[in-house]
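Got the sequence and the structure open? Let's go through them together, one question at a time.

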Amino acid sequence: MRLILVGPPGAGKGTQAVHLAQHYSIPHISTGDIFRANLKEGTPLGLQAKGYMDKGELVPDSVTNAMVKDRLTHADTANGFLLDGFPRNVAQAEVLRAVLAEKKTPIDAALELSIENAEIIKRLSSRRTCRGCGKVFPGQLDKCDSCGGELYQRDDDKEEVIARRLEVYAEQTAPIIAFYRTEGLLITIPAVGEVSEITGSAIRALSQKLS
Ligand code: AMP
């Protein structure tokens, strides 16, 4: 299964990606997580990405595409992968299509998590992320229930940056929905309700599409 998750920040892509990757036994590749891991380790890639991430802007395509192309050469992607946070504009989607066409391993589906703006703002401004494992929590707990790590508010989950991230999504990322619809790959499901219910409807929609 080669799957892309599409949806605005706060739609729950990261949370659903963990469950779907587990269900299909494929690696979860989150460009945001890769950038944050590099930032934490102070690598040149992390430093390059930081300025853009802090402002809620996209990291330049040249940097992001190279990083994803490299990740897709790793052996664990041989049986598929789930991309979370990539592509984030039509140019990235075109690069991905070309890279996968060359390997004769096209995308099976692009799953869109659909959610209203008001709900996004509510979710993003209250969510906390684990410093240890990156798990995301809706409320204001103290510690991660998976690894015991400290929870923090991502700099880009602060209100002033959220507004810019939503603008960037509408202007640059939302057009990929039409791109994947034209490709015949788009599946849209509502991203509200219990996490497990959303995972269930994603799996049902995917098996229907791929049958
Ligand atoms: P995320 O964790 O997916 O919300 O990503 C956090 C930030 O990382 C984004 O706001 C961007 O600055 C950067 N980023 C993640 N994925 C991409 C991408 N595909 N293209 C450009 N920038 C990205």
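Q: Does K104 count as buried or exposed, and at what relative accessibility?
A: Keep in mind that this is a predicted model. K104 is found in the loop between α5 and β4, and this residue has a positive phi of about 60° although it is not a glycine. Exposed means over 50% relative accessible area. K104 passes that mark, so it counts as exposed, at a relative accessibility of 71%.

Q: What is the relative accessible area of S25?
A: Look in the loop between α1 and β2 (28-30) for S25. Its phi is near 50°, a positive value in a residue other than glycine. The cut-off for exposed is over 50%. S25 is exposed because its relative accessible area is 62%.

Q: Which residues around the ligand are the closest?
A: The shell divides into 5 nonpolar, 5 polar and 6 charged residues. Helix α2 (residues 31-41) gives the largest share, 4 residues. In total, 16 residues surround the ligand, and the closest are T31, R36, E57, G85 and Q92.

Q: How much of the ligand's accessible area does the protein cover?
A: Start with the polar contacts: an oxygen atom of the ligand is 2.6 Å from a polar backbone atom of E57. Side chains join in too, with a polar atom of R88 lying 3.0 Å from a ligand oxygen and an N or O atom of R165 at 3.4 Å from an oxygen of the ligand. On its own the ligand has 480 Å² of accessible area, and the protein covers 96%.

Q: Does T64 count as buried or exposed, and which residues is it in contact with, leaving aside neighbours within four places in sequence?
A: T64 lies in helix α4 (residues 61-71). Buried means under 20% relative accessible area, so T64, at 4%, counts as buried. Leaving aside neighbours within four places in sequence, T64 is in contact with T31, F35, V59, F86 and Q92.

Q: Which peptide bond is cis?
A: Go to the loop between β3 (81-84) and α5 (90-103), where P87 has its place. Omega is near -5° for the bond leading into P87. The cis bond is the one from F86 to P87.

Q: Which element gives the largest share of the largest nonpolar core?
A: In soluble globular proteins, nonpolar side chains tend to be buried together. Here the largest nonpolar core has 24 residues, and L20, L82, L111, L113, I187 and I189 touch the most other members. Elements giving two or more residues to this core include β1 (2-6), α1 (13-24), β4 (109-114) and α9 (195-210). The largest share, 5 residues, comes from α9.

Q: How many residues are in the second, separate core?
A: This second core is separate, and its members include F86, A93, L96 and L100. Its size is 20 residues.

Q: Which residues is I187 in contact with, leaving aside its neighbours within four places in sequence?
A: I187 is one of the residues that touch the most other members of the largest nonpolar core. Leaving aside neighbours within four places in sequence, the contacts of I187 are A109, A110, L111, E112, A205, L206 and K209.

Q: What separates the C-alpha atoms of L186 and V6?
A: L186 lies in strand β8 and is buried, with a relative accessible area of 16%. Not counting residues up to four places away in sequence, L186 touches A110, E112, I177, Y180 and R181. L186 and V6 are 180 residues apart along the chain, and their C-alpha atoms are separated by 9.4 Å.

How values were computed:
Residues are numbered from 1 along each chain as its sequence is written. This is a predicted model: local features need pLDDT of at least 70, side-chain atom pairs count only at pLDDT 80 or more; totals for chains, interfaces and linings use all residues. Side-chain values use heavy atoms; hydrogens and water are left out. A residue is near a molecule or strand if one of its heavy atoms lies within 4 Å of it. A polar contact is a pair of N or O atoms within 3.5 Å; within protein, one must be able to donate a hydrogen and the other to accept it, and residues adjacent in sequence count only if both atoms are side-chain atoms. Accessible areas come from the Shrake-Rupley method with a 1.4 Å probe; for residues, only the protein chains shown count as cover. Ala, Val, Leu, Ile, Met, Phe, Trp, Tyr, Cys and Pro count as nonpolar, Asp, Glu, Lys and Arg as charged, and the others, Gly among them, as polar. A nonpolar core is a set of buried Ala, Val, Leu, Ile, Met, Phe, Trp, Tyr and Cys residues joined through side-chain atoms within 4.5 Å. Buried means under 20% relative accessible area, exposed over 50%, partly exposed in between (1.4 Å probe, protein chains only). Contact means heavy atoms within 4.5 Å.
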